[in-house]
Amino acid sequence: MYYPNILAKIFRNLLKFRTFVPDMLEKTRCIVLRTVKYGDQSLIIDLLTREVGRLSVVWRMPKSGKGKIKRQIFQLLNILDVDYERRSANNLPLIKEAHIVDPYSSIPFDPVKLSVSFFLAEFLGLSTRAEQSDYLLYDFVENSLKWYDMSTSAPANFHLMFMIRVSRFLGFYPNLEEFTDYSYFDLRAGQFVGEAPLHKDYLKPSEAQNFINLMRMTPENMHIFRLSQTERNRIIDVMMQFYGFHIPGFRELKSLEILREIFK
């Protein structure tokens, strides 16, 4: 004899058991890319993490303002150690503990560096959206930010060097071995070629040389490469195109115009 109501109840309970995910507390080193207020008492925080790649989490702001975690620690590009709790598949992880690792000494207080940090946060937010865990990418970003913070000036070429080097970790860094003095650079294919492509998205040999110079920049030697405002603006436009061809949904950065004005 069958008991449909009883069987249906058992089946529903089995489904609940199979989809239940217990809360799990996890730790990660991370960099803050964006914060968005959610409701009256919560923030959604987008992070680039060392352990799991991109991660969005929720932080519930204490009503009294006397909680252990202060909102100020979630400033853009702050480097944090975070404990977070994974919840059900329909809920973002919840931050339980967070503290700053190696607080910046100059970026928050230097108007130029602060403006560059806004640009870098927006750039990383768009270019790494689909990234999984990549220790090398994370370590590069963290070490670059620490170097920039410790630099005695705000190098005008830092953001350019940073952008081209990030492409190495994202898988479309151009192959220098294909370059000659007469090479064109195909922005769509991301490679140097001997003849002009049939489309219009390429650099002529003279501009391709500037692109090579950009690829040769390091934090230690970037001061050697002297660029005019026109050259720097042209390079940033090229980089926007380059990323646009290789990162789905990559768009013009809102903070870009500020950088054009700063480095004249």
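This report describes the strands, nonpolar cores and cavity of a predicted model.

**Overall content**

The protein has seven helices and eight strands. Of its 264 residues, 44% count as buried. Among contacts between residues at least 6 apart in sequence, 61% join residues at least 24 apart.

**Strand pairing**

Strand 4 covers residues 79-86, and six of its eight residues are buried, so this strand is largely enclosed by the rest of the structure. Strand 4 is joined by eight bridges to strand 1, residues 24-38, and by six bridges to strand 5, residues 94-100. Strands 1 and 4 run antiparallel, as do strands 4 and 5. Within the pairing with strand 1, Asp-81 of strand 4 has Arg-29 opposite. On strand 4, Val-82 stands opposite Ala-98 of strand 5.

A further set of three strands forms an open sheet in the order 7-6-8, with antiparallel pairing. Strand 7 (191-193) and strand 8 (202-203) are the edge strands, each pairing on one side only. Strand 6, residues 184-186, is joined to strand 8 by two bridges. In this pairing, Asp-186 has Tyr-202 of strand 8 opposite.

The table sets out the strand pairs for which bridges are given.

| Strand pair | Bridges | Direction | Opposite residues |
|---|---|---|---|
| Strand 1 and strand 4 | Eight bridges | Antiparallel | Arg-29 and Asp-81 |
| Strand 4 and strand 5 | Six bridges | Antiparallel | Val-82 and Ala-98 |
| Strand 6 and strand 8 | Two bridges | Antiparallel | Asp-186 and Tyr-202 |

**Nonpolar cores**

The largest nonpolar core contains 57 residues, and Phe-211 and Tyr-243 have the most contacts inside it. At least two residues of this core come from each of strand 1, helix 2 (111-127), helix 3 (135-150), helix 4 (158-170), helix 5 (205-215), helix 6 and helix 7. Helix 4 supplies the largest share, eight residues. Another core lies apart from this one; it has 17 residues, including Cys-30, Phe-74, Leu-80 and Ala-98. Ala-98 is also the residue of strand 5 that stands opposite Val-82.

Two residues illustrate the contacts made across the sequence. When neighbours within four places in sequence are left aside, Phe-211 is in contact with Ile-164, Pro-174, Phe-185, Phe-192, Leu-203, Val-238, Met-239 and Phe-242. Arg-165 is placed in helix 4. With its neighbours within four places in sequence left aside, Arg-165 is in contact with Phe-140, Met-215, Met-217 and Thr-218. Arg-165 and Leu-214 are 49 residues apart in sequence, and their C-alpha atoms are 9.3 Å apart in space.

**Cavity**

A search of the whole structure finds one cavity of 30 Å³ or more. The largest cavity has a volume of about 50 Å³. Its lining consists of His-159, Arg-232, Asn-233, Ile-236, Leu-256, Leu-259, Arg-260 and Phe-263. By class, four of the lining residues are nonpolar, two are polar and two are charged. Helix 6 (229-246) and helix 7 (256-262) each supply at least two residues of the lining. Helix 6 and helix 7 are also among the elements that each give at least two residues to the largest nonpolar core.

Definitions and conventions
Residues numbered from 1 in each chain as written. Predicted model: local features only at pLDDT ≥ 70, side-chain atom pairs only at ≥ 80, totals over all residues. Heavy atoms only, no water. Buried < 20%, exposed > 50% of the residue type's maximum accessible area, 1.4 Å probe, protein only. Helix = DSSP H or I, 4+ residues; strand = E, 2+ residues; numbered from the N terminus. Pairing = 2+ DSSP bridges. 1 Å grid on protein atoms, 1.4 Å probe; cavity = no way out; pocket = protein on both sides within 12 Å on 5 of 7 lines; lining within 4 Å. Points joined across faces, edges and corners; volume = space filled by probe spheres on them. Nonpolar A, V, L, I, M, F, W, Y, C, P; charged D, E, K, R; others polar. Core = buried A, V, L, I, M, F, W, Y, C linked by side-chain atoms within 4.5 Å. Contact = heavy atoms within 4.5 Å.
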